[in-house]
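Visitor: I've got a protein model open and I'd like to learn how to read it. Could you walk me through a few features?

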Amino acid sequence: MRNLIRTLPILLLFVGLETVVLSAQTTAAPHLEKRGAATQLIVDGKPYLMLSGELHNSSSSSLEYMKPIWGKLRAMGLNSVVTPLSWELIEPKEGSFDFTLVDGLIDQARQENEKIVFLWLASWKNGLSSYEPVWVKQDARRFPRVVEHGNPVEILSPQSAATQEADAHAFAALMKHIKETDARDHTVVMMQVENEVGVLGDSRDHSEAANKAFAGAVPTQLTQYLETHRDSLYPDLKQLWDDNGDKTAGTWTEIFGDSERADEIFMAWNYARFIHAVAAAGKVEYNIPMYVNTWLAGDTTPPGEYPSGGPEPRALDVWKAAGTGLDFYAPDLYSANFEEWCRRYHRDGNPLYMPETRGGAAGAANVFYALGEEAGFGFSPFAIESEASDKDPLGESYSVIASLAPLLAEHQSKGDVHGFVLDHDRSSVDFTMNGYTLHVSLDEIFGGQAESGFGLIMADGKDAFLGAGKGFKVTFKERPETGQHVGLGAIDEGTFADGKWVPGRRLNGDENAQGASWRFDPRQERIEKVTLYRFE
Ligand code: DGJ
């Protein structure tokens with residue numbers, strides 16, 4: 001008893017310390033962290049893969065309208081929702097804030113166990129300005145507009161310090177409020193600042209202030225960035241800079257040439273300065289990841305036909321040079337060339353997250369590529385509530401990926417996972433991992449080939465792999481340096497229950513082409529494990 005009395009305070013001290021350490025881990029705000037090969041979104045101390053969807057623009061402006069939607073999203077397997085929150089509804093009168101909607105949405109999300117990414121629709125949405133409050137809209141003297149062909153248009157000028165200050169003030173108030181209500185629960189995991197920014201209708205702002213700045217020198221902050229990042233600049237920007245003589249001082253046209261490209265870079269600099277400042281003001285109140293999304297340009301489309309100055313891949317370095325308020329840049333990826341666009345964004349320290357993309361069958365396949373091949377941490381088809389049904393193919397992919405999520409995040413950071421999408425135009429792909437060469441191709445049995453296939457494969461210990469998806473088969477090549485042959489030892493389908501592997505059928509015979517390939521038949525997504533053996 002005396003011993004217990006003596007050791008009790010020491011024990012309590014240790015227990016207490018552990019509690020402090022644990023609670024410090026769990027109360028850290030959502031943040032991005034580089035873990036091995038991947039930059040991951042960390043929520044409550046663990047990597048969080050967002051299996052998400054973005055709502056139509058006006059849905060979340062009404063709590064009543066939202067009520068029946070949450071259940072549908074949950075049933076489809078979404079763990080998070082990306083949704084607008086507009087300046088006009090938060091600050092209808094200057095200086096007077098109303099957070100009823102914010103609180104209501106957070107509350108509804110919590111009841112369904114969903115996370116939220118809010119889209120701060122404020123000075124710009126899709127290049128135009130329609131979400132700022134009326135007191136901003138009607139005071140064009142204080143909040144000046146972009147001028148195109150001699151006329152002011154419905155686009156706030158990013159040159160304006162007054163607009164930046166008013167937007168940042170509202171955003172900071174919002175972030176302060178979110179911290180007060182959510183710093184413990186972490187329902188809100190990220191913020192998108194503005195939406196698809198850039199000038200539409202012309203390649204740049206021609207207001208008096210913009211013309212003056214455009215005739216002046218390029219800020220040294222930008223020229224220094226070009227110099228110090230010379231070797232990692234996006235190839236297109238590097239080429240433009242080289243073509244114009246690699247200058248490190250001069251006006252916008254002297255450094256970037258007398259073309260619309262110089263206009264686009266000038267606008268990128270101005271939007272970026274503005275939005276980094278808005279994000280930074282929000283982060284002072286509550287520091288969670290913040291990003292900007294992009295309306296992607298066609299390769300030959302002139303700036304102004306798409307928002308000129310947004311974080312296109314070729315302008316990304318300009319955005320990075322302009323500040324540190326934003327953590328990353330994201331593509332709104334509807335284009336058919338899905339993989340190429342993923343690569344354009346997943347480079348040079350920028351992680352892949354997709355706030356808008358296609359859902360349905362295309363989304364069900366692409367999510368495997370984005371998360372498996374490009375270490376993406378979030379996928380979010382647009383207009384999700386129109387698609388949401390428990391029969392949507394995206395839901396099937398989400399439920400498979402959700403069951404693998406902790407393992408997938410671990411392998412993203414180890415760098416030993418690959419994802420793929422196959423069809424008749426690209427019916428196979430090869431990977432080397434875990435000491436083997438894998439040949440992945442469209443599934444084929446009894447002479448019939450699958451129309452499409454998709455999935456991911458990760459190393460699962462020595463001589464073993466875990467795969468998920470459908471419509472593909474895998475053959476393994478012997479490692480050339482060993483001269484050995486490789487055989488399929490055993491294949492099991494299975495599921496994960498609370499992270500534990502629960503094996504189902506042993507797959508053999510027709511299910512593995514009599515031992516010739518590891519098959520994922522096209523009818524239904526499956527999770528399977530294979531072990532290999534080698535022979536001389
Ligand atoms: C892209 C925008 O970012 C969304 O808010 C929405 O307007 C869609 N386009 C409509 O397709």
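Guide: Sure, let's start with a term: a pocket is an open set of grid points with protein on both sides within 12 Å along at least five of seven lines, and its lining residues have an atom within 4 Å of a point. Keep in mind that this is a predicted model.

Visitor: Which residues lie nearest the centre of the second largest pocket?

Guide: Those are Glu339, Asn366, Val421, Leu422 and Asp423, out of 22 lining residues. The elements that each give two or more residues to this lining are helix H13 (338–345), helix H14 (360–372), H16, strand E15 (417–422) and strand E20 (453–459). H14 supplies the largest share, with 5 residues. The volume of this second largest pocket is about 410 Å³.

Visitor: How does the lining of that pocket split by class?

Guide: For the second largest pocket, count 10 nonpolar, 8 charged and 4 polar residues.

Visitor: And how do people find empty space in the first place?

Guide: The general idea is to roll a probe the size of a water molecule over the atoms, which shows where empty space is left. In this structure, the largest pocket comes out at about 710 Å³. It has 26 lining residues, and nearest its centre are Pro47, Tyr48, Leu49, Asn79 and Lys115. Strand E3 (46–47) and helix H16 (393–414) are the elements that give two or more residues to the lining of this pocket.

Visitor: Which element gives the most to the lining of the largest pocket?

Guide: That's H16, with 7 residues. By class, the largest pocket's lining has 11 nonpolar, 8 charged and 7 polar residues.

Visitor: OK, now the ligand. Which residues are around it?

Guide: Look for Asn57, Lys125, Asn126, Asn195, Glu196, Asp332, Glu356 and Phe382. This shell divides into 4 charged, 3 polar and 1 nonpolar.

Visitor: What should I look for between those side chains and the ligand?

Guide: Try polar contacts, which are pairs of N or O atoms within 3.5 Å. Here, Glu356 has a polar side-chain atom 2.5 Å from an oxygen atom of the ligand. For Asn195, an N or O atom of the side chain is 2.8 Å from a ligand oxygen, and for Asn126 a polar side-chain atom is 3.3 Å from one. On its own the ligand has 290 Å² of accessible area, and the protein covers 73% of that.

Visitor: What sign does phi usually have?

Guide: Most residues other than glycine have a negative phi. Now go back to Asn126: it isn't a glycine, yet its phi is positive, about 50°. You'll find Asn126 in the loop between strand E6 (115–125) and helix H5 (134–137). Asp348 also isn't a glycine and has a positive phi, near 50°. Asp348 is in the loop between H13 and strand E12 (353–354).

Visitor: Are those two buried, partly exposed or exposed?

Guide: Buried means under 20% relative accessible area, exposed means over 50%, and partly exposed is in between. Asn126 has 26%, so it is partly exposed. Asp348, with 33%, is partly exposed as well.

Visitor: Which residue could I use as a buried example?

Guide: Take Asp492: its relative accessible area is 18%, so it counts as buried. Asp492 lies in strand E23 (residues 485–497). Its side chain also makes a polar contact with the side chain of Arg506, at 2.8 Å.

Technical notes. Residues are numbered from 1 along each chain as its sequence is written. This is a predicted model: local features need pLDDT of at least 70, side-chain atom pairs count only at pLDDT 80 or more; totals for chains, interfaces and linings use all residues. Side-chain values use heavy atoms; hydrogens and water are left out. A residue is near a molecule or strand if one of its heavy atoms lies within 4 Å of it. A polar contact is a pair of N or O atoms within 3.5 Å; within protein, one must be able to donate a hydrogen and the other to accept it, and residues adjacent in sequence count only if both atoms are side-chain atoms. Accessible areas come from the Shrake-Rupley method with a 1.4 Å probe; for residues, only the protein chains shown count as cover. Ala, Val, Leu, Ile, Met, Phe, Trp, Tyr, Cys and Pro count as nonpolar, Asp, Glu, Lys and Arg as charged, and the others, Gly among them, as polar. On a 1 Å grid over the protein atoms alone, a cavity is a set of points where a 1.4 Å probe fits but cannot get out, and a pocket is an open set with protein on both sides within 12 Å along at least five of seven lines; lining residues have an atom within 4 Å of a point. Grid points are joined across faces, edges and corners, and a volume is the space filled by probe spheres set on the points. Helices (H or I, at least four residues) and strands (E, at least two) are DSSP runs, numbered from the N terminus. Buried means under 20% relative accessible area, exposed over 50%, partly exposed in between (1.4 Å probe, protein chains only).
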